[in-house]
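User: I've got a new model open and want to go through its surface, its core and one of its strands. Can you take my questions in turn?

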Amino acid sequence: MKESYQVVGKPTAAIAARDKVTGRAQYVDDIRIKNPLFIRILRSRLASAKIISIDISKAKKYRGVKAVITGVDFHRTFGVLPISKDEPALAKERVRYFGEPVAAVAAENPEIAARALDLIDVKYEESAECLSLSEGLKKTQNPIHPELKRENNLHKSVKQEFGDVISAFKNSPIVVEEHFTFSPVTHAFTEPHAVQVEIDAEQNLTVYSSTQVPHYVHLAMAEVLEISQDKIRVIKPHLGGGFGGKSDPFPHEMIAAKVALLTGRNTRLLLSREEVFFSNHGRHPTEISMKLALHPQNGLQGLDTKVKIDGGAYASFGVVTTYYNGVLLQGPYSLPSSSFACERIYTNKPMSGAMRGHGGVNPRFASEVLLDMACVKAGLDPCDARIEFLLKENTLTVNQFRVTSNNLAEGMILAKERSWWKKKYGKLPDGKGIGVAC
């Protein structure tokens, strides 16, 4: 029977698998374009400062240098979300995090470009840094983004409530609460960020980028460079890891394209590992206060969540992430009432972004820990309880997410049997244990 299937039920190799395992796959920096200029980026060594002046005269005269650009060469900021385009390709007027791009040099080889960076003289007026969530919510005369016209560094605030949360906690015999702190986590993909740009005689650009989002790059690049979209083609070769960390347009892509337009030459830019970490877009540092209500006979009754997330210097996916910290908590269990409040706060750090289930991971961990605590308090087996609490198929969550098919219970029952849960849970020697979570 299985042999009759063409797609479903038939083992099928990934299209790129053979090229990758044989080493034949080409990533961005493997591509050889004709006679490129090599670009290096000068980065701020201050986290918060006003830019007084940038003197590029010596760097421009250095032998082999073909272009030096600064923030004045760009007139528009960009961002992955249309509602928060707040990031410059090169800092202009002020820097907002340690490692922010300030200037870029294009030269005949990377060594010349690197030496020319040392000839650029940037004068700063250092300002107070905002490096914590508590600082970010304090009143300040020097907000990181004054264009928002706020007295603090709040970026986005969300509050939502579904069902009767007050009654849920009032009428539940089991209530548990806890505070959680999550450190920042960033990607370390095997392939660093890289971009190459080819330009033809008619100023058409072909951009090869290590990106997860060629369409977003295409849109942002046209806007930042102030040219029509039909003048740009973005190619995404094999990707050496992304995990959300390459799902934004980036300054280095704008810089490489701008230099190509200014010089009429092809360009090439590869970030160092240090620069990859400066670029960040990792998981938001997070503080969560969470409370859960459980009725031993009737299941979960309510969840109340308060979250603060550290967004770093720019928006990235932050508005979406702010919502995800709460709206994704309405499953996989039946939950008749839920409330959440989340604040994303700007700080003078590299921006946080869309790392692997952004906004959903930390609150999910917290809720599973609280569910364990509640089950212990109620005398319930945490595996059996979860199976019982799971959403049934063809249901709506309390915030109106539609669930059609759902085989999670079957999977959990199988995992319970194969892990010898009943023989292990609560019966292993001190220092050993078995746990369950969804």
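User: What share of the area that the chain exposes do carbon and sulfur atoms supply?

Analyst: This is a predicted model, so local features need pLDDT of at least 70 and side-chain atom pairs pLDDT 80 or more, while totals for chains, interfaces and linings use all residues. Residues are numbered from 1 along each chain as its sequence is written, and side-chain values use heavy atoms, with hydrogens and water left out. By the Shrake-Rupley method with a 1.4 Å probe, the chain exposes about 21800 Å². The part supplied by carbon and sulfur atoms is 53%.

User: And how much of the chain is buried?

Analyst: Buried means under 20% relative accessible area, with a 1.4 Å probe and protein chains only. Out of 438 residues in the chain, the buried share is 50%.

User: Which residue in S5 is the bridge partner of Arg-43?

Analyst: Strands are DSSP runs of E, at least two residues long, numbered from the N terminus. S5 covers residues 101-107, and 7 of its 7 residues are buried. Strand S1 (residues 37-43) pairs with S5 in the antiparallel sense over 6 bridges; pairing takes at least two DSSP bridges. Opposite Arg-43 in S5 sits Pro-101.

User: What stands opposite Val-65 in S5?

Analyst: Here the other strand is S3 (residues 65-70), which is antiparallel to S5, with 5 bridges between them. Facing Val-65 in S5 is Ala-107.

Terms used: Helix = DSSP H or I, 4+ residues; strand = E, 2+ residues; numbered from the N terminus.
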